[in-house]
Amino acid sequence: MKKIHVGAVAAAAAAALVMTGCSTGGGDASSDTVVIDMWAGSQSDTDALNAQLEIARKQNPDLKIELRTAPWGDFFTKLTTNMASGNMACVTGMNSGMLSSYTDGFLELSDADLKTAGIDLADFSAGADEILSNKGTMYGVPFDIATMLVYYNADLLDAAGVAHPEAGWTFDDFEATAKAATKDGKYGFAVGMGDFQWQALPIAKAGQQPVEQDGTLALTDPAFVDAASWYSGLVTEEKVAAPVASASDTGWGENQYTGQNAAMAVDGTWNAVSYLNNDAGFTAGMTTLPSGENGSLGLILGSGFGIAKSCKNPDAALKVLGSMLSPEAQDYIASSGRSYPARTASQPLYFESIDEQFRPQVEEVFTKAFEEVQGQYVSDNWSKVGTYIQPQLVSVYNGQESMENVLESAQQQFGK
Amino acid sequence: MSTTTYTPRRGTLARTESRQALGFVSPALAGLALFTIVPVVLSIVMGFFNWPTFGDKEFVGFDNYVRLFTQSPDFWPALRNTFVFALLYVPISVILSLLLALSLSSRIRGRGALRVLFFIPVVTPMVANVLVWKMLLQPQGLFNGLAQSWFGVQLPNFLADPQWAMIMVVVMSVWQGLGYNMLIFSAALEQLPESVVEAARIDGAKGFRMIWSVMLPMISPSIFFASIMTMITSLQVFAQPQLLTGGGPGNATQPLVQFIYNQGFKFQELGLAAAAAWILFAIIIILTALQFRAQKKWVHYEH
């Protein structure tokens with residue numbers, strides 16, 4: 001009897017420990033504290049967030065605002081566990097490409113919510129409302145907008161005697177440039193492994209996304225299959241790009257480009273500044289995605305903030321969200337050159353932050369690149385599709401598997 | 001209970017003592033419960049649920065297990081990859097490190113330095129090791145560069161070829177894990193009883209006979225320990241394929257633990273991941289039990 005009694009006490013003590021373990025570090029410490037959770041990969045990222053936080057604190061003196069950060073990769077793993085344990089921060093950062101897996105955790109934003117936040121979408125770039133929306137429902141407001149560009153290494157192109165690509169160029173121009181720049185152990189182009197990086201050119205060429213607007217997977221649509229096969233053919237047939245070395249090289253194309261092994265690569269506008277000021281010291285340039293018979297469709301991407309469904313005080317959270325996206329905060333992001341702001345009025349400040357020698361090009365290319373953009377359509381299991389396709393791409397680029405087969409088996413597995 | 005047969009005085013004392021003892025161990029018990037028992041029990045429970053990270057959990061019985069074995073396109077390949085890895089890795093690693101320990105057991109000059117050298121890969125972070133190996137193995141890497149400039153031969157794209165990729169994961173892992181087993185064997189060889197070795201030597205044993213009939217039986221407990229631990233870690237392999245090949249090309253090098261990781265943290269199917277983890281646990285337990293049974297035939301304990 002005694003033993004059982006002591007055992008019960010021990011069990012109760014353990015249970016108490018478990019409970020206290022769960023309740024610490026939560027996002028609901030007290031109702032007047034609003035926690036912001038955002039990714040930050042470096043001290044400069046954190047500093048920039050703190051600067052925006054100051055703006056939010058000034059605008060909401062009655063609220064206590066706290067910041068939580070994690071590096072990009074860990075952020076989403078942590079968000080998964082935070083969502084599961086009810087610890088999601090009231091104001092949580094989100095990216096257009098990741099939203100579909102996390103819609104369950106976010107509050108659906110109504111017009112009234114936006115009004116509480118003091119946000120008028122008309123002040124934002126066209127298509128900005130599509131960035132953090134899924135199947136027509138809005139879950140967040142973006143602070144920056146992005147799309148994919150072709151970056152080139154001007155030094156390599158000059159050495160090969162090839163003209164620099166101009167905004168508005170065609171797929172024929174692209175192929176000719178890539179072919180001409182492939183010599184002396186350098187490649188004209190480097191293929192991508194990330195979803196956005198490898199799909200940008202096929203989407204532009206096909207003029208359509210591999211997913212329909214309602215979230216139906218359309219990987220096997222002939223136009224997309226043709227365009228994707230053309231893309232992998234750049235490695236296997238045209239031989240203007242190197243085969244990828246390993247499925248763990250998730251940033252293959254970008255690394256080949258910065259390593260000066262390839263003259264061109266596709267990457268997002270978010271890396272424009274870091275490419276222009278690259279450590280390797282080569283002269284970087286950029287241009288729009290090439291256009292073909294089907295135009296030059298690009299995706300409008302971006303990151304922003306949403307409100308957690310589990311948030312105890314959504315009105316306060318909305319106010320903080322509004323402050324984080326206020327003109328002051330947007331001006332700060334823009335003038336620091338960190339990313340291209342979603343507020344139209346702040347966008348000129350971004351160009352002003354760019355070194356004068358690059359400014360005209362960046363302004364021309366950015367303006368043109370955002371002309372023909374569409375929000376990204378994703379299926380519910382889109383991250384699974386990406387995880388499945390990525391290691392298969394290695395086999396495709398190495399000629400052991402065809403793009404058509406990979407897309408078909410992905411469609412069969414995930415298209416149901 | 002047995003305490004009732006004692007005299008009342010001793011019974012009271014024993015009871016008091018056991019109560020006090022429990023008081024003293026309760027912090028440890030609480031820790032054990034919190035960090036070991038609760039998660040283990042939770043993972044068993046999870047295995048029987050459709051358990052998304054967010055949203056409604058639903059009891060599905062053995063459905064997760066059935067799905068793994070009959071529907072999941074990656075589960076069988078992952079199981080196969082894990083076994084292929086273990087079958088290649090365990091014997092190569094144990095035999096090579098044993099040879100290394102034997103060759104470093106004689107009193108040659110600089111053996112201390114050599115031991116340190118072979119042990120370095122064990123203590124350097126895996127990420128750094130993998131980075132170096134990637135630089136060696138990729139098409140623009142050292143091996144292909146040397147092969148082309150010296151022999152004019154184009155080496156295969158090691159990490160992107162379905163057959164080569166697994167071999168390279170094994171080679172890299174053997175290199176990385178060699179020093180640990182070598183250290184265990186070296187320690188055992190250092191402690192061989194001088195009298196037995198001397199007796200064998202007087203009887204004329206030397207060279208291969210000495211190693212095979214005298215030394216190996218005497219260090220067989222260490223060999224047993226090393227092979228069990230190596231087998232367990234090889235069945236749990238994750239970091240090497242994750243970092244070196246990303247499980248690819250396709251799923252050619254995706255081991256079971258990476259499959260579990262993907263299900264749980266990329267696809268947010270915690271139930272499926274828990275079920276797969278318990279399958280891995282069962283495999284490890286069964287193989288370890290078999291090894292313990294087999295050891296009676298070949299492991300010699302002195303005492």
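These are my notebook entries on a few spots I looked up in this structure, which is a predicted model.

**Entry 1: the sheet around β7(A)**

I began with an open sheet of three strands in chain A, which has the order β8-β7-β9 and antiparallel pairing. Its edge strands are β8 (264-268) and β9 (284-287) of chain A, each pairing on one side only. I also looked up the twist: neighbouring strands of this sheet are turned by 35° against each other on average, direction ignored.

Next I asked what packs on the sheet. Helix α8(A) does, touching β7 and β8 of chain A, and its direction makes about 110° with that of β8(A). Helix α15 (residues 359-369) of chain A packs on the sheet too, touching β7 and β9 of chain A. The direction of α15(A) makes about 30° with that of β9(A).

**Entry 2: pairing along β7(A)**

How many bridges join β7(A) to β8(A)? I noted five, with strand β7 covering residues 148-153 and the two strands running antiparallel. To find my place on screen, I picked out single pairs. Tyr151(A) has Ala265(A) in β8(A) as its bridge partner, and Val150(A) has Val266(A), also in β8(A).

Then I turned to the pairing with β9(A). Four bridges join β7(A) to β9(A), and these strands run antiparallel. Here I marked Tyr152(A), which stands opposite Gly285(A) in β9(A).

Is β7(A) mostly covered or mostly open? It is mostly covered, with six of its six residues buried. I checked the two faces separately. On one side Met148(A), Val150(A) and Tyr152(A) are buried, and on the other Leu149(A), Tyr151(A) and Asn153(A) are buried as well.

**Entry 3: β6(A) and its partner**

I moved on to strand β6 (residues 140-146) of chain A. Seven of its seven residues are buried, so β6(A) is largely enclosed by the rest of the structure. It pairs with β10(A) in the antiparallel sense over six bridges. A handy pair to click on is Gly140(A), which stands opposite Gly306(A) in β10(A).

**Entry 4: empty space inside**

I wanted to know about internal cavities. Rolling a probe the size of a water molecule over the atoms shows where empty space is left. The count comes to five cavities of 30 Å³ or more, and the largest has a volume of about 50 Å³.

Which residues line the largest cavity? I listed Thr147(A), Met148(A), Phe196(A), Gln199(A), Ala200(A), Ile203(A), Leu289(A), Leu297(A), Gly298(A), Leu299(A) and Leu301(A). They divide into eight nonpolar, three polar and no charged residues. Two elements of chain A, α8 (195-206) and β10 (298-307), each supply at least two residues of this lining. Helix α8(A) gives the most, with four residues. I have met both elements already: α8(A) packs on the sheet of my opening entry, and β10(A) pairs with β6(A). Met148(A) is another familiar name, as it is one of the buried residues of β7(A).

**Entry 5: Ala329(A) and helix α12(A)**

Ala329(A) is found in helix α13 (residues 327-335) of chain A. Why does Ala329(A) count as buried? Because its relative accessibility is 0%, and the cut-off for buried is under 20%. Leaving aside neighbours within four places in sequence, Ala329(A) is in contact with Ile55(A), Ser323(A) and Met324(A). I also took down one distance: Ala329(A) and Pro341(A) are 12 residues apart in sequence and 9.6 Å apart in space, C-alpha to C-alpha.

Two of those contacts led me to helix α12 (residues 314-324) of chain A, which is mostly covered, with eight of its 11 residues buried. The buried residues are Ala316(A), Ala317(A), Leu318(A), Val320(A), Leu321(A), Gly322(A), Ser323(A) and Met324(A).

**Entry 6: a look at chain B**

My last stop was Ile260(B), in helix α12 (residues 256-266) of chain B. Is Ile260(B) buried or exposed? Ile260(B) is buried, because its relative accessible area is 15% and buried means under 20%. Not counting neighbours within four places in sequence, Ile260(B) is in contact with Ala273(B), Ala276(B), Ala277(B) and Leu280(B). I checked the distance to one of these: the C-alpha atoms of Ile260(B) and Ala273(B) are separated by 4.8 Å, and the two residues lie 13 residues apart along the chain.

Key: Residues are numbered from 1 along each chain as its sequence is written. Chains are lettered from A and ligands numbered from 1 in the order in which they are written. This is a predicted model: local features need pLDDT of at least 70, side-chain atom pairs count only at pLDDT 80 or more; totals for chains, interfaces and linings use all residues. Side-chain values use heavy atoms; hydrogens and water are left out. On a 1 Å grid over the protein atoms alone, a cavity is a set of points where a 1.4 Å probe fits but cannot get out, and a pocket is an open set with protein on both sides within 12 Å along at least five of seven lines; lining residues have an atom within 4 Å of a point. Grid points are joined across faces, edges and corners, and a volume is the space filled by probe spheres set on the points. Ala, Val, Leu, Ile, Met, Phe, Trp, Tyr, Cys and Pro count as nonpolar, Asp, Glu, Lys and Arg as charged, and the others, Gly among them, as polar. Two strands pair if DSSP finds at least two bridges between them. Axes are lines fitted to C-alpha atoms, for helices over the stretch in contact, and angles run from 0 to 180 degrees between N-to-C directions. Contact means heavy atoms within 4.5 Å. Buried means under 20% relative accessible area, exposed over 50%, partly exposed in between (1.4 Å probe, protein chains only).
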